[in-house]
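Visitor: I am new here and would love a short tour. Could we start with one helix and work inward?

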Amino acid sequence: MPVVTADLKACQGYANCVMAAPDYFDLDDDGNVVMIKREFPESERSRVTEAARSCPVSALTVSE
Amino acid sequence: MSSTTVIVGSSIGGVRTAQSLRLEGYQGDIVLVGAESELPYDKPPLSKSVLAGTAQASSICLLTQEEADEARIQLVLGHTATGVDINNGLLELEGHEPIHFDNLVIATGAAARPSPWGERAGIHVLRSLDDAHRLRASLLGGGDLVVIGAGFIGAEAAATARSLGLTVTVIDPQTIPMSRIFNPEIGHWFGALHRDNGVTTIFGTGVDAIDGDQGAFSVHLTDGRVLSAATVLVGIGAVPNDAWLSSSGLLVDNGVVLDKYCRAVHAPSIYAVGDVARWHHPRHGEDIRIEHWTNAVEQAICVAYNITHPAEPREYSPVEYVWSDQYNWKIQIVGRVGNNAKHIVIGHPETHGRFAALYTKDGINLHGAATVNWPKALIACRRGMGTGITVAELRDALETQLTSQAMPVP
């Protein structure tokens with residue numbers, strides 16, 4: 001199953017991912033991304049990939 | 001059936017449109033045209049890590065040649081678009097034969113408003129990678145920097161120049177900085193932020209003229225003062241790159257005029273995204289143009305969807321979002337703020353190291369919010385904009401957050 005992973009050092013708390021896919025991403029009290037789930041089904045590829053690409057600092061990566 | 005989508009403009013809006021088309025299963029040809037010869041790059045770092053010299057080329061690249069090849073995106077870089085022949089579906093370029101399109105996406109962005117005090121070496125604007133490299137070279141030459149304009153670009157560049165150890169003065173004709181965006185109380189805090197970081201601020205005063213040459217400019221102010229500067233940065237806004245469309249027949253009025261699906265008026269096979277796009281925002285009920293990174297990304301997704309689903313297009317009705325990083329402040333703005341709307345401030349920069357300002361026109365509904373160093377509050381505000389939260393409900397939630405979370409002043 002494809003997965004989305006986060007680079008915590010890169011995350012700056014812009015929160016675009018949380019707005020695009022709140023069932024996958026949240027922010028903690030310090031503004032760092034928290035992964036709610038990492039694996040996603042093929043049917044979710046478009047939404048999760050767009051959420052990852054909405055990160056202004058490319059902190060999120062989709063891989064197979 | 002093979003079709004071709006040509007995207008003109010290789011910055012964030014154009015690149016994301018190309019990538020989103022493939023994600024939506026678009027099978028036709030995609031041609032991405034750019035005026036600059038560099039591979040597509042991201043612009044927010046220009047005033048920060050690129051100017052500071054800490055960015056790697058790879059960290060600002062939006063699309064590598066390998067990624068373009070893999071997604072079957074043909075890159076045509078280094079050619080400026082000069083016109084569109086709508087009837088024959090042709091994009092005309094400088095130094096390149098016309099390119100046929102079935103769908104055209106205009107993503108040519110905006111250009112820095114040029115210096116009205118002369119354009120010569122040492123007087124900079126900051127919009128492109130070349131601009132950033134030239135400005136950095138000037139800053140490394142030493143001497144004082146004068147920044148004209150206390151908006152996002154000017155403030156971010158001033159902060160970076162301070163981090164390089166330069167003496168910096170920021171000038172703005174407005175008495176209170178950022179007052180087009182914020183109410184005066186918060187604008188004053190932005191002025192203090194500059195001064196606390198060692199920047200001299202001159203607000204409420206304009207610039208009459210700039211004499212002299214690089215390394216030895218004299219900046220003449222409207223109040224008669226004269227500042228000496230080695231380098232000048234002019235950050236007075238941007239203008240959409242739409243002049244090349246003037247004889248195309250497209251409706252152009254401070255940007256390409258679009259319907260609520262981001263299709264050009266009277267030319268539904270032509271779309272626009274990003275800084276050059278003026279579309280009919282269904283919720284606001286007016287034509288607007290937004291020069292923000294997140295808008296370009298979200299509009300690109302919508303346009304890619306509408307190209308691949310022409311029978312059931314989606315309206316584009318975003319909640320505006322923009323950020324700016326200045327000194328140790330992370331500023332995040334959602335919706336519509338300022339313009340003398342009523343506002344409530346929660347937190348204080350000195351006491352809490354963070355704050356949120358909630359804006360309302362009617363005293364009940366949230367119309368916009370600005371937060372500093374408080375991403376959790378920003379999320380609550382962005383979500384609240386979508387769900388129709390009241391200002392009172394949001395204030396209660398944020399005041400609880402403010403007191404329950406200890407956060408050191410950064």
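Visitor: What span does helix α10 of chain B reach from its first C-alpha to its last?
Guide: Happy to help, and please keep in mind that this is a predicted model. Helix α10 of chain B covers residues 391–404, which makes 14 residues. At 1.5 Å a residue, the expected value is 20 Å, and the helix comes close to that, reaching 20 Å.

Visitor: Where do the buried residues of α10(B) lie around the helix?
Guide: The buried ones are B:Val391, B:Leu394, B:Leu398, B:Gln401 and B:Leu402. Looking down the axis, they fall within an arc of 100 degrees, so they line one face of the helix.

Visitor: Which residues are exposed on the other side of α10(B)?
Guide: We turn away from the buried residues, which pack against β25 (342–348), β26 (354–360) and α9 (375–387) of chain B. Exposed on the other side of α10(B) are B:Thr403 and B:Ser404.

Visitor: Where does the largest nonpolar core lie?
Guide: This core has 90 residues, and B:Leu398 is among those with the most contacts inside it, as are A:Phe25 and B:Leu91. Helix α8 (residues 293–308) of chain B gives the most to the core, with seven residues. Two domains of chain B both contribute residues, so the core lies between domain 1 (4–111 + 239–308) and domain 3 (328–404).

Visitor: How many residues does the other core have?
Guide: That core lies apart from the largest one. Among its residues are B:Val50, B:Leu51, B:Leu139 and B:Phe203, and its total is 22 residues.

Notes:
Residues numbered from 1 in each chain as written. Chains lettered and ligands numbered in written order. Predicted model: local features only at pLDDT ≥ 70, side-chain atom pairs only at ≥ 80, totals over all residues. Heavy atoms only, no water. Core = buried A, V, L, I, M, F, W, Y, C linked by side-chain atoms within 4.5 Å. Buried < 20%, exposed > 50% of the residue type's maximum accessible area, 1.4 Å probe, protein only. Helix = DSSP H or I, 4+ residues; strand = E, 2+ residues; numbered from the N terminus. Domains from an automatic or database assignment. Expected span 1.5 Å × (residues − 1). Arc of directions from axis to C-beta. Contact = heavy atoms within 4.5 Å.
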